[in-house]
Amino acid sequence: MIEKDLVIVGGGPAGLSAAKVASEAGMEVALFERSFQLGGQLVKQTHKFFGSQSQYAKTRGIEIARILIEEIKNESVEVFLSATVVGLYKDNIITVYQGNKYFKVKAKAIVIATGASEKFLAFENNDLPGIYGAGAVQTLMNIHGVLPGKEVVMVGSGNIGLIVSYQLIQAGVKVKALIEASSKIGGYMVHASKLKRLGVDIITSSTVKRAVGDRKLEKIITVKLDDKWQEIPGSEEEIICDALCISVGLSPMHQLLSMGEANMLYVNELGGLVPIKTCDYETSLNNVFACGDVTGIEEASSAMVEGKIAGLMAAKHSGYIHPDYDSLETSLNNQLCVLRQGPCGEKIRCGLKKVGEERV
Amino acid sequence: MFEKTGVATPEMVRSKFPDKSVLVRPKAIIECYREIPCNPCETSCPFDAIHIGDDINKIPSIDFNRCTGCGICAAVCPGLAIMIAMIKNGKAYFKIPYELLPLPKVGERWTGVNRRGETLEKPCLIENVQVKKDRTTIVTISIEQPYLYEFITIGERL
């Protein structure tokens, strides 16, 4: 059995940031990533990031991934790629599946940074080829260089829906419409304005009723929704398209924590089932910490800051005090506060409050 | 309406422009209408012309006396929400961030596009194309002055 000071599950923005800070504090770290490369979702983000300088604002996501990966190269971090953590057990033991090997790792502390997965939408024929998650389309397009179709309709106007639509246009795909069930655009207005000036129809109060096609998607039928989100009879419209992207939100990848029997709470504002955690990001499991989207769906900028805090705290709980502990703790918590204090942070503030109330 | 369409009203657009007399020199037009946690425009401005403050969610404000129209903010804005505008010899000049291919070339005529994505009646002339290190190209165009508050980007090559 491999023994390490710290095990980190997930090599996205949160996990990489945790690895950097924990190793700076003196920990021997093992980082497990189920993909063949580090960076998580950052590697397919070709747009420039928001936030402030501390979270690499104005830098493209793919560049941020390179920076974060570079930062852990000089540190004592052992990286396991194409390595899926399949079990979390008492006494801080995880099981890993890599290649054809199945092995155990024991650690003084564990950071769970598994991220999130895409939600899907229920409608007739939603399993027709040509219907994708928006994240899947981004992976196909920006990592593998494969276009999903020629004429796309996007469902969902959150930042992912808006950004992936823009990237589809950059890749030469026609975005025929963006459909949003709510009466308002969900993501940042600057992203929406960018699409609008490129001629994309943004249709609010509308959803997909069914997909139509023989063996593959040929068109969709949309329907208008009233202010109680009920379908308005007779308002059906047809849009011809060969690809449909579903971008209706993410849910935390809670499975490992649930398996380890951490105390969990369903919080709608955070995207689903999340662990109850202390101010030090420790879950109800002793020395098991959690950070990033697995603790509530947010932007990558917050995930990076949370990851650093989790690394700092995991180290402290195992007796490793980071040389800049005090200044880091203050500055990181302040960064999160600032990122969340505007109107865009209302949902996450509300969700985190529920988690906070639960732990008292 | 803005929240439904993503299209700023003419009043909203006008509120981001200085008086026309100020536009004899190039100035940044910052079309950031809603609070989001973001401040690269402020931190990248070499002339301290853009202010957001400690709460990075605040909407940027610009001091047109300090703004030189250098265009650094237009190239860094993650929302592609900044352009540089100027009036010269009866024409409107714009520097816009552009992230599509093919890139325009100097001397070409392209269609102009408004904030609703509609093609303007008069074309624009590509005056300069500056490819930045981080791949956001800054394109300078000129168009007839009546389109000062209408033009937002270029559409197709003519």
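Select helix 3 of chain A, residues 134-142 (helices are DSSP runs of H or I of at least four residues, strands runs of E of at least two, numbered from the N terminus), and colour its buried residues, Ala134(A), Val137(A), Gln138(A) and Met141(A); buried here requires 20 or more other C-beta atoms within 10 Å of the residue's own, with C-beta atoms placed from the backbone. Viewed down the helix axis, these residues fall within an arc of 100°, so they line one face of helix 3 of chain A, the arc being that of the directions from the axis to the C-beta atoms. This is a predicted model, in which local features need pLDDT of at least 70 and side-chain atom pairs pLDDT 80 or more, while totals for chains, interfaces and linings use all residues. Residues are numbered from 1 along each chain as its sequence is written, and chains are lettered from A in the order in which they are written.

Next, show what covers that face: the cover includes strand 8 (131-133), strand 9 (151-155), helix 4 (159-170) and strand 15 (243-246) of chain A, contact meaning C-beta atoms within 7 Å.

Move on to Ile112(A), which, leaving aside residues up to four places away in sequence, touches Val9(A), Leu256(A), Leu257(A), Val288(A), Phe289(A), Ala290(A) and Val294(A).

Finally, bring chain B into view, where the contact takes 34 residues from chain A and 34 residues from chain B. On the side of chain A, helix 5 (189-197) and helix 8 (325-340) each give two or more residues, and helix 5 of chain A supplies the largest share, nine residues.

Key: Buried ≥ 20, exposed ≤ 12 C-beta atoms within 10 Å, placed from the backbone. Contact = placed C-beta atoms within 7 Å.
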